[in-house]
Amino acid sequence: MRILIVEDERNVTSYLQASLEAEGFAVDIAEDGDTGLELALTNAYDAITLDIMLPGTNGYRVCEEIRKADIETPILMLTAKDGEYDEADALDIGADDFLRKPFSLVVLIARLRALLRRGAGRAKASLSVGDLELDPSTKCAVRSGQRIELTPREFALLEYLMYNAGTVLTKAQILDHVWSPGFLGDENVVEVYIGYVRKKIDAPFDRKLISTVRGVGYRIGEA
Ligand code: CA
């Protein structure tokens, strides 16, 4: 899942980036409002965390502009108590949730995952396709009652496929949402990782869940 962080405090961004990447998210950073808005309008993010006090365009304006452009990506506003705006304003202008600074990382990640689920129209914390279940809080997959260990990248790939179950995803989309923007390799890494994930969640079972759609990409579950 690809997240945009719009935040001007370096110590907050570097901490957030490292922690979210460790959770398997691909992370883009914008350090001012205008860059944040431009990135939000030109990339497909799964969620955005947006600070309010930013150099250039402030977070409220950025949020308004994103919604004016009909982009429905879930937005979590990071608010500080000394702001000139009220936190309720954040919801009025189209944010999905807000979190007051200083926040706990555990709470931030839980809120982000809740927004991602809501964005995908799901209420349950775990994702499932057929007899395969993935629990983002434990990073564990279970199929037919068997626990399957995954590396962080395998988890991130499977999570992205499962959020989009039934939809064919291209290698470029997968690369965008599972690998961070600094990744310098080519798209073939996607094929390699699809192979690793298949070996774990499909090879030992009769029914295969991941299909290759020739010339297009990959899909988990029925179309
Ligand atoms: Ca700020």
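**Exercise 1. Determine which residues I174 touches, leaving aside residues up to four places away in sequence.**

Solution. In this predicted model, local features need pLDDT of at least 70, side-chain atom pairs count only at pLDDT 80 or more, and totals for chains, interfaces and linings use all residues. Residues are numbered from 1 along each chain as its sequence is written, and side-chain values use heavy atoms, with hydrogens and water left out. Taking contact as heavy atoms within 4.5 Å, one finds that I174 touches L157, Y160, L161, L169, W179, V190 and Y218.

**Exercise 2. Place I174 within the nonpolar cores of the chain.**

Solution. A nonpolar core is a set of buried Ala, Val, Leu, Ile, Met, Phe, Trp, Tyr and Cys residues joined through side-chain atoms within 4.5 Å, where buried means under 20% relative accessible area, exposed over 50% and partly exposed in between, with a 1.4 Å probe and protein chains only. The largest such core has 49 residues, and I174 stands with L158 and I220 as those with the most contacts inside it. Helix α6 (residues 152-163) gives the most to this core, namely eight residues; helices (H or I, at least four residues) and strands (E, at least two) are DSSP runs numbered from the N terminus. Another core, of 20 residues, lies apart from it and includes L37, A40, M77 and I93.

**Exercise 3. Identify the buried residues of helix α7 and the elements against which they pack.**

Solution. Helix α7 spans residues 171-178, and its buried residues are I174, L175, H177 and V178. The buried residues of α7 pack against the strands β1 (2-6), β2 (26-30), β10 (169-170) and β12 (217-220), and also against the helices α6 and α8 (188-201).

**Exercise 4. Decide whether Y60 is buried or exposed, and state how far Y60 lies from Y196.**

Solution. Y60 is found in helix α3, which covers residues 59-68. Because its relative accessibility is 4%, Y60 counts as buried. From C-alpha to C-alpha, Y60 and Y196 are 42 Å apart in space, while 136 residues separate them in sequence.

**Exercise 5. Compare the radius of gyration of the chain with that of a compact globule.**

Solution. The radius is taken over C-alpha atoms, and the globule rule is 2.2 Å times the number of residues to the power 0.38. For 223 residues, a compact globule would have a radius of gyration near 17 Å, and the chain has 18 Å, which agrees. Along the principal axes, the C-alpha atoms fill a box of roughly 60 × 35 × 30 Å. Of the 223 residues, 47% count as buried, and the secondary structure comes to eight helices and 12 strands.
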